[in-house]
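I opened this notebook to keep track of what I looked up in one structure, entry by entry. My aim was to go from the strands to the side chains and then to the charged pairs.

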Amino acid sequence: DGGAFDLIVDIQCFHVLRTVDLEKFVQVVKKNLRCGGLYFVMTGNDHEPEVGPCILSKNQVMAPFEEFCDVEAIFESRFDMTLHYETLQRPPLAWCGLFRR
């Protein structure tokens with residue numbers, strides 16, 4: 001059961017693709033991640049709604065994957081400083097989630 005990948009890394013894809021077809025996105029992760037494999041996601045955080053990419057709550061990040069994954073960790077971090085964020089004092093807040101299938 002499961003796919004060929006030990007690790008799937010998602011930096012700012014989830015928050016876009018979930019608006020297109022959340023169920024399909026989750027099924028693609030499930031299909032491609034082997035049993036015991038890890039899915040890492042970094043996405044916008046609702047604790048700083050005034051800046052950054054699409055903002056999501058902790059629950060919005062965890063809920064789609066809890067059916068077939070264990071939550072290894074979910075924590076706050078910051079995106080890297082990029083030209084897009086150069087007018088800010090610091091880069092936007094992010095959620096980082098690590099899920100094991």
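The entries below follow the order in which I looked things up.

**Entry 1: the kind of model.** I noted before anything else that this is a predicted model, and I read every value below as computed from that model.

**Entry 2: the first strands and the helix between them.** I looked up how strand β1, residues 5-11, relates to strand β2, residues 33-45, and found that the two pair in the parallel sense over six bridges. For one point of register I took L7, whose bridge partner in β2 is L38. I then followed the chain from β1 through helix α1, residues 14-32, into β2, and recorded that these three elements make a right-handed β-α-β unit.

**Entry 3: a nonpolar patch.** Which residues make the nonpolar surface patch of about 270 Å²? I found L7, V9 and I11. I checked V9, which is found in strand β1, and noted that V9 counts as exposed because its relative accessible area is 52%, where the cut-off for exposed is over 50%. As background I wrote down that side chains in a regular strand alternate between the two faces of the sheet.

**Entry 4: the loop after β1.** I stopped at Q12, which is found in the loop between β1 and α1, since its phi is positive, about 70 degrees, although the residue is not a glycine. For context, most residues other than glycine have a negative phi. I also looked up the exposure of Q12, which is partly exposed with a relative accessible area of 28%.

**Entry 5: two buried residues that touch.** Is V61 buried or exposed? I found V61 in helix α2, residues 58-62, and its relative accessible area is 0%, so V61 is buried. Leaving out residues up to four places away in sequence, I listed what V61 touches: F14, V41, T43, L56, I74, W95 and F99. For V41, which is 20 residues from V61 along the chain, I noted a C-alpha separation of 8.4 Å.

From that list I went on to T43, which has its place in strand β2 and is likewise buried, with a relative accessible area of 0%. Setting aside its neighbours within four places in sequence, T43 is in contact with H15, L56, V61, F79, A94 and W95. I marked L56 and W95, since each appears among the contacts of V61 and also among those of T43.

**Entry 6: a loop residue at the surface.** I looked up E50, which lies in the loop between β2 and β3, the latter being residues 55-56. At 61% relative accessible area, E50 is exposed. Between E50 and P92, which are 42 residues apart in sequence, I noted a C-alpha to C-alpha distance of 9.2 Å.

**Entry 7: the salt bridges.** How many salt bridges does the structure hold? I recorded four. As a reminder to myself, side chains of opposite charge can pair when their charged atoms come close.

I began with D6 and R34, whose side chains meet in a salt bridge at 2.1 Å, N to O. This pair links distant parts of the chain, with D6 in strand β1 and R34 in strand β2, 28 residues apart. Both ends are partly exposed, D6 at 47% relative accessibility and R34 at 33%.

Next I took R90 and E48, which form a salt bridge with their closest N and O atoms 3.5 Å apart. R90 lies in the loop between β4 (70-78) and β5 (93-100) and E48 in the loop between β2 and β3, so this pair ties together parts that are 42 residues apart in sequence. Here the exposure is mixed, since R90 counts as partly exposed at 49% relative accessibility, whereas E48 counts as buried at 11%.

I then looked up R100 and E72, a salt bridge in which the closest N and O atoms are 3.4 Å apart. R100 lies in strand β5 and E72 in strand β4, so the pair ties together parts that are 28 residues apart in sequence. R100 is partly exposed at 32%, and E72 is partly exposed with a relative accessible area of 42%. To close the entry, I noted that salt bridges with shared partners join E48, R78 and R90 into one network.

Definitions and conventions
Residues are numbered from 1 along each chain as its sequence is written. This is a predicted model: local features need pLDDT of at least 70, side-chain atom pairs count only at pLDDT 80 or more; totals for chains, interfaces and linings use all residues. Side-chain values use heavy atoms; hydrogens and water are left out. Two strands pair if DSSP finds at least two bridges between them. Helices (H or I, at least four residues) and strands (E, at least two) are DSSP runs, numbered from the N terminus. A crossover is right-handed if, with the strands pointing away from the viewer, the path from the first strand over the helix to the second runs clockwise. Patches are made of residues with over 30% relative accessible area and no salt bridge: like charges are joined within 9 Å, nonpolar side chains (Val, Leu, Ile, Met, Phe, Trp, Tyr) within 5 Å. Accessible areas come from the Shrake-Rupley method with a 1.4 Å probe; for residues, only the protein chains shown count as cover. Buried means under 20% relative accessible area, exposed over 50%, partly exposed in between (1.4 Å probe, protein chains only). Contact means heavy atoms within 4.5 Å.
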